[in-house]
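User: I'm new to this structure and would love a close look at a single part of it. Could you walk me through one helix and its surroundings?

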2 protein chains.
Amino acid sequence: MHKRGTSLSGAATTAPHRPQQNKLLAALTAVELEQLVPHLEGFPMRLGDLVYEPGRQPQYAYFPTTSIVSLHHVTENGATVETTGVGNEGVVGISLFMGGATTSSSAVVQTAGYAYRIEHHTFKQRFDRGGHLQQVLLRYTQAMMTQIFQSAACYRHHSVEQQLSRWLLATMDRVVSKDLILTQELVANMLGVRRESITEAAGHLQSAGLIRYRRGHISVLDQTGLEARACECYGVVKRELARLAS
Amino acid sequence: MHKRGTSLSGAATTAPHRPQQNKLLAALTAVELEQLVPHLEGFPMRLGDLVYEPGRQPQYAYFPTTSIVSLHHVTENGATVETTGVGNEGVVGISLFMGGATTSSSAVVQTAGYAYRIEHHTFKQRFDRGGHLQQVLLRYTQAMMTQIFQSAACYRHHSVEQQLSRWLLATMDRVVSKDLILTQELVANMLGVRRESITEAAGHLQSAGLIRYRRGHISVLDQTGLEARACECYGVVKRELARLAS
DNA sequence: CCCGCTATGTTCGTTATCGAACAGACTGGC
DNA sequence: GCCAGTCTGTTCGATAACGAACATAGCGGG
């Protein structure tokens, strides 16, 4: 009586995660995706997990769906900066198909969630076939480069408060919830500034009514207002990502 | 005995410019290079020439031989930073094969000299054939990303004097002469700092006997000493370029 | 050979960020 | 319900880089 639905409908409604939640995978043709799916392994990403270590050959590429991974650069004396964040719009593991084997960056899970991962040989193999998959990946790589260009300019010329605003907005765009789970210390490491500078900047944004935060949480209250405080970098990167994704 | 070589050796010694002076072209197989040569056009690069304009579709890719091109990012209020320099180790026009069409950067000739250029359709076509050319270009792209990662960290964490040292060393590596033709104003734009800051830093380096400069010229006197003053970024990028070029 | 342009030098006060040190407050686990 | 550990708030002085204004000096074209 009930339950006459084929297994498909049941599966579709109950499946909590699908590869298509990642925009790069979603951009593939049906055929390509189908061929790739057997090699994709759902993988939980826990906050703080070290996905890539600089100088080591990575074994997998990761397509985040609900998680966010942060790519970092660490200087000799331990100071860090985020070079890019990767959410469901991208992939972690560019170097696997670019040919360099190792990366100079480390990759850390910044927001817990899910990702699909693929073994590096298979990944490279599929990339080398050319076609749409290659095109999608290269375009994304270029979008990533734009992000880094912009970040470099931003680090040089914009204030901590502007950068914080920008970073919060960019992170919001990658998650569903309006509540980000992270400490000020963590954000400080992302932006490569002191924790106190974040406290101060966040204080300003809060008294302006743009965000609200408590121990370990930050919520954006007024996205538009925050955009006005942020530097142009946010908009530039967002538009470029949209342009290259189309 | 020796010289049993034919006309080839003669041509090699008299030709003032050869595509092989560019390391990427030199890394190609003989066959690939031969197929590419008919499409390569020798091209003089004059100081200050605007090679690429942000947002415009470039018509050529450029393989510098003796020239240096600087990729810039310009912020809304006109402030600039160099994101990468491209000399004979690279190519200007990544976006042509990455698929994004336009670039967000502008490219300016920083040191006059020579380059070989190739029309963008042909370039893309050759790239899409895969093979060694593609591999070489992608590897270079990755090296370029490393440079930008490092620059971002550098802009955040290192002093103007360190950055100036680094930049001078990197530039020296790309030219034959020990005498760089550039003003302090120009260098300031590269590093995204005030001209006065460069005057000050250069003054220090000069009194330490590491460099010598006069109106429009800077010469490096003590490369090793300069490396000691520079931040790690110089060495990191140099090693990575070497690694990925091999 | 001189004039004007442009590059460099120098000064001043101002600002953002740093670095260190410590106080207070929240939260999760027992 | 308490305690330990961690996160946040606040202070202080130090410093690097900024912004503007002006002085000097070298170079190249007429």
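Analyst: Happy to! Let's start with the outward side of helix 9 of chain A, where A:Glu196, A:Gly203 and A:Ser207 are exposed (12 or fewer other C-beta atoms within 10 Å of a residue's own, against 20 or more for buried and partly exposed in between, with C-beta atoms placed from the backbone). This is a predicted model, in which local features need pLDDT of at least 70 and side-chain atom pairs count only at pLDDT 80 or more, while totals for chains, interfaces and linings use all residues. Residues are numbered from 1 along each chain as its sequence is written, and chains are lettered from A and ligands numbered from 1 in the order in which they are written.

Helices (H or I, at least four residues) and strands (E, at least two) are DSSP runs, numbered from the N terminus. Helix 9 of chain A has 13 residues and reaches 18 Å from first C-alpha to last, close to the expected 18 Å, which is 1.5 Å times one less than the number of residues.

The buried residues of this helix are A:Ile198, A:Ala201, A:Ala202 and A:Leu205. They lie on the same side of the helix because they cover an arc of only 100 degrees around the axis, taken from the directions from the axis to the C-beta atoms. These buried residues pack against helix 7, helix 8, strand 9 and helix 10 of chain A (contact means C-beta atoms, placed from the backbone, within 7 Å).

Just after the helix, A:Gly209 takes a positive phi of about 80 degrees.

Definitions and conventions: Contact = placed C-beta atoms within 7 Å.
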